[in-house]
Amino acid sequence: MRYFAICLIVLFLLGCDRSQVLDKKDWKWIKTIDTSGQAIEPIKPDAFIVSLDFDLNKFTARTDCNRFFGSFSLSGKNIKFSNIGSTRMRCAASQEQVFIKQLEKSTHYKILENTKSLVLEALDGSEMYFDVL
């Protein structure tokens, strides 16, 4: 019985389209691990949200100051954010530049099976972690 259950889980995961896991969900930024291994966590944890729309290949995001929007492309485990625009409010002590710069340099993604967290990885080794809302 245990073997059968494991086989079903493996078959499900192999057949699962990852875009279905990511699509039309709001993802809350939890932390970024920079190239030195240091964690950067949002001061306002509920302020940083990213939504991905696979029907339009568009994303929206909100930060502790502005709203952002743009396009993204997905190919296998590769992800690229582009054509990023935003509202233009100025806010003291905002972390949005850290957030957006990390988003822009993300090249790969993975879903952590144990927590269902989304991890965006950059070529420099930095990682951005999100939890689904």
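This report describes the fold, the strand pairing, the core and some individual residues of a predicted model.

## Overall architecture

The chain contains three helices and nine strands, and, read from the N terminus, its elements follow the order α-α-β-β-β-β-β-β-α-β-β-β. Of its 133 residues, 37% count as buried. The surface that the chain exposes amounts to about 8,200 Å², of which carbon and sulfur atoms supply 56%.

Among the contacts in the chain with a separation of 6 or more, 45% are made by residues that stand 24 or more positions apart.

## Strands S3, S4 and S5

Strand S3, which covers residues 49-53, pairs with S4 in the antiparallel sense over five bridges, and within this pairing aspartate 53 stands opposite lysine 58 of S4. The two strands form a hairpin with four residues between them, and in the turn asparagine 57 has a positive phi of about 55°. S4 is also joined to strand S5, residues 67-75, by five bridges, and these two strands likewise run antiparallel. Here the bridge partner of alanine 61 is phenylalanine 68 in S5, and S4 and S5 form a hairpin with four residues between them.

Along S4, which spans residues 58-62, the side chains alternate between two faces: Phe59 and Ala61 point to one face and are buried, whereas Lys58, Thr60 and Arg62 point to the other face and are not buried.

## Phenylalanine 59

Phenylalanine 59, which has its place in strand S4, counts as buried because its relative accessibility is 2%, under the limit of 20%. Leaving aside neighbours within four places in sequence, phenylalanine 59 is in contact with a set of residues that includes Ser51, Leu52, Phe68, Phe69, Phe72, Phe81, Ile84 and Leu103. One of these contacts can also be described by its backbone distance, since phenylalanine 59 and phenylalanine 69 are ten residues apart in sequence and 5.6 Å apart in space, C-alpha to C-alpha.

## Helix H3 and the nonpolar core

Helix H3, residues 96-104, has as its buried residues Glu96, Phe99, Ile100, Gln102 and Leu103. These residues lie on the same side of H3, because they cover an arc of only 165° around the axis.

The largest nonpolar core has 23 residues, and those with the most contacts inside it are Leu22, Leu52, Phe81, Phe99, Leu118, Leu120 and Phe130. The largest share of this core, three residues, comes from H3. In soluble globular proteins, nonpolar side chains tend to be buried together. Leucine 120, one of the core residues with the most contacts, touches, among others more than four places away in sequence, Ile79, Phe81, Leu103, Tyr109, Met128 and Phe130.

## Glutamine 95, a buried residue in a loop

Glutamine 95 lies in the loop between strand S6, residues 78-86, and H3, and it counts as buried because its relative accessibility is 12%. The side chain of glutamine 95 reaches the backbone nitrogen of isoleucine 43 at 2.6 Å, while a polar atom of that side chain lies 3.1 Å from the backbone oxygen of glutamate 41. When neighbours within four places in sequence are left aside, glutamine 95 is in contact with Trp29, Ile40, Glu41, Pro42, Ile43, Lys44, Phe48 and Asp64.

## Positive phi angles in two loops

Most residues other than glycine have a negative phi. Alanine 93, although it is not a glycine, has a positive phi of about 60°; its place is in the loop between S6 and H3. With a relative accessibility of 70%, alanine 93 counts as exposed, whereas glutamine 95 in the loop between S6 and H3 counts as buried.

Lysine 116 is another residue other than glycine with a positive phi, in this case near 65°. Lysine 116 lies in the loop between strand S7, residues 106-112, and strand S8, residues 117-122, and it is partly exposed, with a relative accessible area of 41%.

Key
Residues numbered from 1 in each chain as written. Predicted model: local features only at pLDDT ≥ 70, side-chain atom pairs only at ≥ 80, totals over all residues. Heavy atoms only, no water. Buried < 20%, exposed > 50% of the residue type's maximum accessible area, 1.4 Å probe, protein only. Arc of directions from axis to C-beta. Pairing = 2+ DSSP bridges. Contact = heavy atoms within 4.5 Å. Areas by Shrake-Rupley, 256 points an atom, 1.4 Å probe, with all protein chains shown as cover. Core = buried A, V, L, I, M, F, W, Y, C linked by side-chain atoms within 4.5 Å. Polar contact = N/O pair within 3.5 Å; in protein donor to acceptor, adjacent residues only side chain to side chain.
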